Amino acid sequence: MAIGRALLTDPDILLMDEPLSALDVPRKRELMQYLESLSKEINVPILYVTHSLDELLRLADRVVLMENGKVKAYDTLENVWNNPLFAPWKGESEQSSVLALPVYLHNPTYKMTALSLGEQQLWINEVHHQVNEKVRVCIYSSDVSLTLSKPEQTSIRNILRGQIVQIVPQENRIDIAVLVEGHKVWASISKWAFNELHFAQGMDVYVQIKAISVV
């Protein structure tokens, strides 16, 4: 109702200050779907204030990152999410990567969709987007593993070629960034695996990602 009344005034911009913060999970999911469609239907910029990473991933196109009243970063969601300045907001439990990729094809038999990742494809659960329409996905480092040679006869649908560009030791793991067709994908592995496989910056590797784990 409040959104409808605001739109009747023909505003130049619509400000939403944490509109979902007081709602329970089922209601929040329902309204997020509505807000997502609303942003595509109205020709009014929406300034959406939130502390929720889920809402950010679902609704944002561009992000203004603020701390103590000062702007720390302003860019597309993908660039801000992958910016080191954003790390404190994501927490230290694991790394993640956000990519915006166009639909390449659909596989209706298995209800899967392939996204274009340069000359390679990233398979995800089926989405109802047209071919070439961009889809935003988030890949968590705990869902990614690395191999030195291309695996065969594996249940993993996504096996992508890439090159190690960054290695970040953590207390109980090693975070490794792999550049895949110009996109940085993070993997978190044990120190045991890191030492045994002798991973190093500049090394060519294969990235394995479960299709059902991509969100």
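Reader: Before we start, when do two strands count as paired?

Author: Two strands pair if DSSP finds at least two bridges between them. Keep in mind that this is a predicted model.

Reader: Okay, so how many bridges join β5 to β8?

Author: Seven bridges join them, and the two strands run antiparallel. Strand β5 covers residues 96-107.

Reader: Can you give me a pair to look at? What stands opposite serine 97?

Author: That's isoleucine 139, which sits in β8.

Reader: Cool. What's the strand order in the sheet with β5 and β8?

Author: The order is β7-β6-β5-β8, an open sheet of four strands with antiparallel pairing. Its edge strands are β7, at 120-125, and β8, at 134-140, and each of them pairs on one side only. On average, neighbouring strands here are turned by 50° against each other, ignoring direction.

Reader: Switching topic: what about the open sheet of five strands, how is that ordered?

Author: It goes β9-β13-β10-β11-β12, and the pairing is antiparallel.

Reader: Why is one side of β9 and of β12 left without a neighbour in that sheet?

Author: Strands β9 (144-147) and β12 (183-189) stand at the edges with a single partner strand each, so one side of each has no neighbour in the sheet.

Reader: And what's the average turn between neighbouring strands there?

Author: Neighbouring strands of this sheet are turned by 45° against each other on average, again with direction ignored.

Reader: Which residue should I find opposite valine 178?

Author: Look for valine 185 in β12. Strand β11, residues 174-180, is joined to β12 by seven bridges, and these two run antiparallel.

Methods: Residues are numbered from 1 along each chain as its sequence is written. This is a predicted model: local features need pLDDT of at least 70, side-chain atom pairs count only at pLDDT 80 or more; totals for chains, interfaces and linings use all residues. Side-chain values use heavy atoms; hydrogens and water are left out. Axes are lines fitted to C-alpha atoms, for helices over the stretch in contact, and angles run from 0 to 180 degrees between N-to-C directions.
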